[in-house]
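Thanks for making time. I will go through one model this morning, starting in the middle and working outward.

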Amino acid sequence: AQMDREAVLRRAVARCVVACIGPICSEAARRHDWTVDLEPAHPHMGSLLAEAARASRALLAAKRGEGG
């Protein structure tokens, strides 16, 4: 049952935009085999939110094969 839940979570995460606030968070995500789609130029919440707002739609479309 645990493996089934893990597989379901991995499939769900693979279809989501994964945004990490900085390099330490990104490193932790990668240790769990998550693809980090966005890390802001400056590791601050405001930067993360602004960059995610600008990029998430295109990132999600590309990740889901929707072409943009």
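**Contacts, cysteines and overall layout**

Start at V36, which touches V18, C20, S26, A29 and R30, leaving out residues up to four places away in sequence; contact here means heavy atoms within 4.5 Å. Before going on, the ground rules: this is a predicted model, in which local features need pLDDT of at least 70 and side-chain atom pairs count only at pLDDT 80 or more, while totals for chains, interfaces and linings use all residues. Residues are numbered from 1 along each chain as its sequence is written, and side-chain values use heavy atoms, with hydrogens and water left out.

V36 also belongs to the largest nonpolar core, five residues in all, with V13, V18, C20 and A29 as the other members. A nonpolar core is a set of buried Ala, Val, Leu, Ile, Met, Phe, Trp, Tyr and Cys residues joined through side-chain atoms within 4.5 Å. Buried means under 20% relative accessible area, exposed means over 50%, and partly exposed is in between, with a 1.4 Å probe and protein chains only. As background, nonpolar side chains in soluble globular proteins tend to be buried together.

Now the secondary structure. The protein chain has three helices and zero strands, in the order α-α-α along the sequence. These are DSSP runs numbered from the N terminus: H or I over at least four residues for a helix, E over at least two for a strand.

Next, C20. Where is C20 placed? C20 sits in the loop between α1 (2-14) and α2. C20 counts as buried because its relative accessibility is 3%. Beyond four places in sequence, C20 touches C25, S26, A29, V36, L38, E39, P40 and L48. From C20 to M45 the C-alpha distance is 9.6 Å, across 25 residues of sequence.

S26 is a partner of both V36 and C20. S26 is in helix α2, residues 23-31, and counts as buried because its relative accessibility is 0%. With neighbours within four places set aside, the contacts of S26 are C20, V36 and E39.

On to the cysteines. How many disulfides does the structure hold? The answer is zero, taking a disulfide as a pair of cysteine sulfur atoms within 2.5 Å. In chemical terms, a disulfide is a covalent bond between the sulfur atoms of two cysteines. Why is C25 not bonded to C20? The closest cysteine sulfur to that of C25 is in C20, and at 3.6 Å it is too far for a bond. C16 is unpaired because its sulfur is 13 Å from the closest cysteine sulfur, again in C20, which is too far for a bond. C16 counts as partly exposed because its relative accessibility is 36%, and C25 is also partly exposed, at 35%.

M45 I mentioned as a distance partner of C20. M45 lies in helix α3 and counts as partly exposed because its relative accessibility is 47%. M45 and A29 are 16 residues apart along the chain, with their C-alpha atoms separated by 17 Å.

Two more positions. D33, in the loop between α2 and α3, has a positive phi of about 65° although D33 is not a glycine. D33 counts as exposed because its relative accessible area is 61%. G65 lies in the segment after α3 (45-63) and counts as exposed because its relative accessibility is 66%. The C-alpha atoms of G65 and R15 are separated by 9.7 Å, with the two positions 50 residues apart along the chain.

Finally, the totals for the chain. The C-alpha atoms fill a box of roughly 40 × 30 × 15 Å along the principal axes. Of the 68 residues, 19% are buried. Among contacts between residues at least 6 apart in sequence, 31% join residues at least 24 apart. The chain exposes about 5000 Å², with carbon and sulfur atoms supplying 59% of it; accessible areas come from the Shrake-Rupley method with a 1.4 Å probe, and for residues only the protein chains shown count as cover.
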